[in-house]
Amino acid sequence: MIWLIASLIIVGVLAYGRVPLRRATLVLAGWLGLYSLAQGGNLVFLLWVIFDAIFIPLNVPAIRKRLFSSVVFKVMKQMLPPMSQTEREALEAGNTWWDAELFSGHPDWKILLDLPAPKLTAEELAFIDGPVETLCGMLDDWDITHNRRDLPVEVWDYIKQHKFCGMIIPKRYGGLEFSEYAHSEVVMKISSRSTTAAVTVMVPNSLGPAKLLLAYGTEQQKNHYLPRLATGLEIPAFALTGPLAGSDAGAMPDTGVVCYDWFPSSSLGTSGRDKVLGIRLNWEKRYITLGPVATVLGLAFKLYDPEHLIGDQENIGITVALIPTDTKGVSIGRRHFPLDSAFQNGPNWGKDVFIPMDWIIGGKEQVGNGWKMLMQCLATGRAVSLPALSTGASKMVSRNSGAYARIRKQFNLPIGEFEGIEEPLSRIAGETYIIDAARKVTAAALDDGQKPSVISAIIKYELTERMRRVVNDGMDIQGGSGICMGPKNYLGRMYQVIPVSITVEGANILTRTMMIFGQGAVRCHPYIQREMEALGHDNLDRFDQVLFEHIGSVLHNLAAGFWLGLTGARFVAAPGDQHTRRYFRQIARLSVGFALVADFALLTLGGSLKRKERISGRFADVLSNLYLCSCVLKNFQDQGSPEDDLPLLDWACQQTLHRAQQSLLAIFHALPMRIPAYLLRAVLFPGGKPYSPPADHLIHQTAALLLKNSPVRDRLTHGIYINYKPDDVTGRIEVAFQAVLAAAPVEAKIHAAQKQKKLPKGSIVDVLDAAISNSIISKKEAELIVAAEKARFAAIGVDDFSPEQLSNTGKI
């Protein structure tokens with residue numbers, strides 16, 4: 001038993017201490033030798049000899065390459081699946097950051113925790129407290145979506161005047177030059193008021209021509225377009241998706257052919273005509289946001305040069321150009337009507353449209369680089385806009401549906417006190433906490449210079465999906481008031497428009513099954529990409545070196561996984577305090593398991609793994625939940641570790657760890673070679689499932705946070721639009737919430753008197769006079785009850801319409 005315990009300790013130290021494989025091999029060989037001598041058994045001695053005969057030669061490079069690496073090299077060369085140019089460019093987009101640490105099996109917490117906390121400058125804060133606050137006050141979502149089906153003219157003018165579409169444009173070009181965090185805060189606040197306004201603002205600042213121009217444009221293009229985009233003189237749209245090609249860019253049918261034709265002597269506006277080198281375009285696009293009102297169109301197309309006018313290559317590849325929409329041959333179609341939402345969206349097409357070469361973003365030097373340009377920009381744009389919208393929606397539901405659950409009564413109790421309502425309330429609060437943490441930490445990483453393409457896919461997918469659950473739970477709590485559309489309904493339109501965010505910027509199904517793990521398995525893995533590069537360059541020496549490091553990592557993770565599973569990761573050095581350290585340790589444990597199982601899947605499935613989307617989707621769920629849990633811990637630290645936030649922290653960490661565990665366990669059932677897979681499961685989870693979802697007491701604690709005024713509720717919903725106007729769609733709920741809380745002590749007095757039979761039974765309003773005459777409450781206290789009941793009735797009210805109103809509105 002002593003030998004066994006000592007062996008486990010040595011294995012654990014070697015594994016989690018990241019001892020190099022060569023040294024670990026020698027240590028283990030020596031230990032087996034000592035063990036065999038101590039036991040005096042021939043079988044153990046034989047095992048020692050076999051171990052030495054296999055593993056010691058592997059530490060001699062010349063022998064290893066001849067007997068082992070060269071064979072693996074040939075096999076992997078044959079197994080390596082072909083990679084298209086668009087796949088290669090997607091893999092090369094952006095960079096890796098914390099996602100690579102989680103993939104390593106040994107995350108370096110210093111990388112995450114040393115990231116500066118996101119902060120607003122005085123100028124950014126003034127903009128949010130000033131123009132953004134004013135804009136939100138101008139927005140009436142019912143009027144926008146039901147009556148106008150567009151933003152009012154004065155709102156469009158205000159957006160342009162205050163440069164809402166120029167947040168990412170530098171000041172030297174007339175823009176605001178805000179940080180990504182400030183950009184996120186602005187979109188979040190607007191989206192808590194109107195998704196139409198939020199989409200209108202966020203599209204030019206995410207995947208719009210401005211971002212592409214800043215990264216790739218010529219100085220002439222920047223100087224011409226950026227000042228006009230910043231001030232709203234130009235309204236941009238970006239045309240990528242077509243009827244026959246959505247996520248499959250390789251199938252894009254839109255084409256451009258290099259040729260000569262007559263055109264004004266300057267593409268940017270001077271008079272005169274010359275025969276110039278350019279491109280003749282034909283395209284058809286749809287689902288283009290801001291397309292119906294755009295003045296300049298960013299267009300992606302496949303470029304061909306059959307006459308070799310610009311080089312030897314005929315099929316040049318995907319290219320991106322900027323085209324004024326008044327160019328001859330450009331047609332702007334009628335509007336789409338996406339789920340009864342009012343943001344501008346529609347198709348466009350072009351027939352034999354001729355443009356000069358200098359309309360290509362970046363000029364002739366950037367022909368064929370369009371997909372790479374788009375992927376690089378999406379690496380940041382996808383991480384800001386929809387996550388911000390999802391956070392704004394979730395915070396709005398947390399604040400208002402939580403208040404509604406306190407205002408609304410059934411059986412003489414606030415509905416929020418019923419256990420059936422506590423469950424969705426706790427999910428709303430906990431999910432919102434996760435969503436906001438991921439948004440802020442990722443925005444801070446972007447401002448720190450990171451361009452994490454895999455993480456951008458994670459938070460786009462996870463935050464929109466979690467927002468969907470939050471809004472669904474909010475609708476369940478609102479009940480009838482949620483489904484009756486009208487000026488008083490603050491949630492119904494948000495519920496309707498959810499699938500839009502699920503669909504755009506990469507449909508969530510494909511984002512989960514292809515992008516997060518499909519790209520992450522190559523980009524974030526510490527060895528796979530280097531092995532592929534060595535195979536591609538026929539470099540056996542480099543392949544041997546990386547492969548041996550990879551094998552060492554697998555063996556380390558195998559031992560570490562068993563050690564951490566056996567000990568519950570209790571002995572892992574981890575940051576944090578007495579409350580958070582356990583969560584840091586469990587992320588480390590699951591990171592080891594994730595890395596090990598990913599290697600097993602890659603080994604057994606090879607190139608076919610990218611077609612096993614159910615497996616890759618579950619891997620994506622593991623990586624995503626580990627990232628979200630990391631963000632929760634980082635955000636908690638950035639906020640100063642407030643003790644009253646602990647229920648939210650516990651709920652968020654326990655939920656994400658449990659989901660990561662369940663997804664990892666599900667993978668074992670889908671892997672080939674079932675017996676090794678189940679043995680691997682036994683190694684990683686020797687004591688069964690260690691993580692459970694949030695318990696009932698925690699559900700009660702988190703739900704209660706939304707039912708009362710507190711710093712926790714204010715922190716959770718910070719940054720959204722809040723007002724106290726009794727005739728406003730959300731203001732009336734806030735007014736009623738405050739009035740009901742103010743009257744609660746008086747209400748308690750009356751209920752106590754009724755129980756003691758000092759007052760008759762009945763509604764609280766009916767016994768007010770008796771309560772005053774019996775000196776149970778004062779007249780001033782009675783006024784609080786009256787005000788609360790009046791505000792309560794206004795808050796729970798729903799709209800109704802005459803038959804004439806319903807028959808004369810809503811026609812298309």
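Is Phe801 buried, partly exposed or exposed? In the predicted model examined here, Phe801 is partly exposed, with a relative accessible area of 31%. This value lies in the range between the 20% limit for burial and the 50% limit for exposure, which is why Phe801 is placed in the intermediate class.

The ring of Phe801 forms an aromatic pair with that of Trp142. The two ring centres are 6.1 Å apart and the planes meet at 25 degrees, an arrangement classed as stacked. Trp142 belongs to helix H9 (residues 141–148), whereas Phe801 is found in the loop between helix H32 (779–796) and helix H33 (803–808); the pair therefore ties together parts that are 659 residues apart in sequence. Unlike Phe801, which is partly exposed, Trp142 is buried, at a relative accessible area of 15%.

In total, 15 aromatic pairs are counted in the structure. Another of these joins Phe127 and Phe164, whose ring centres are separated by 5.0 Å; because the planes stand at 50 degrees, the pair is tilted. This contact also links distant parts of the chain: Phe127 lies in helix H8 (residues 122–138) and Phe164 in the loop between helix H10 (153–161) and helix H11 (180–191), 37 residues apart. Both partners are buried, Phe127 with a relative accessible area of 7% and Phe164 with one of 0%. In addition, one aromatic cluster is formed by Phe103, Phe517, Phe594 and Phe619.

Burial is also seen in strand S1 (residues 236–239), both faces of which are covered. Pro236 and Phe238 are buried on one side, and Ala237 and Ala239 are buried on the other. Strand S1 pairs with strand S4 (residues 296–304) in the parallel sense, over four bridges. Within this pairing, Ala237 has Leu297 of S4 as its bridge partner.

The internal space of the model was also examined. Seven cavities of 30 Å³ or more are present in the structure, and the largest cavity has a volume of about 90 Å³. Its lining comprises 15 residues, of which Gln478, Ser481, Lys488, Asn489 and Arg732 are the closest to the centre. Helix H19 (480–483) and helix H30 (731–755) are the elements that give two or more residues to this lining. By class, seven of the lining residues are nonpolar, five are polar and three are charged.

Definitions and conventions:
Residues numbered from 1 in each chain as written. Predicted model: local features only at pLDDT ≥ 70, side-chain atom pairs only at ≥ 80, totals over all residues. Heavy atoms only, no water. 1 Å grid on protein atoms, 1.4 Å probe; cavity = no way out; pocket = protein on both sides within 12 Å on 5 of 7 lines; lining within 4 Å. Points joined across faces, edges and corners; volume = space filled by probe spheres on them. Nonpolar A, V, L, I, M, F, W, Y, C, P; charged D, E, K, R; others polar. Phe/Tyr/Trp six-rings, centres within 6.5 Å; stacked < 30°, edge-to-face > 60°. Buried < 20%, exposed > 50% of the residue type's maximum accessible area, 1.4 Å probe, protein only. Pairing = 2+ DSSP bridges.
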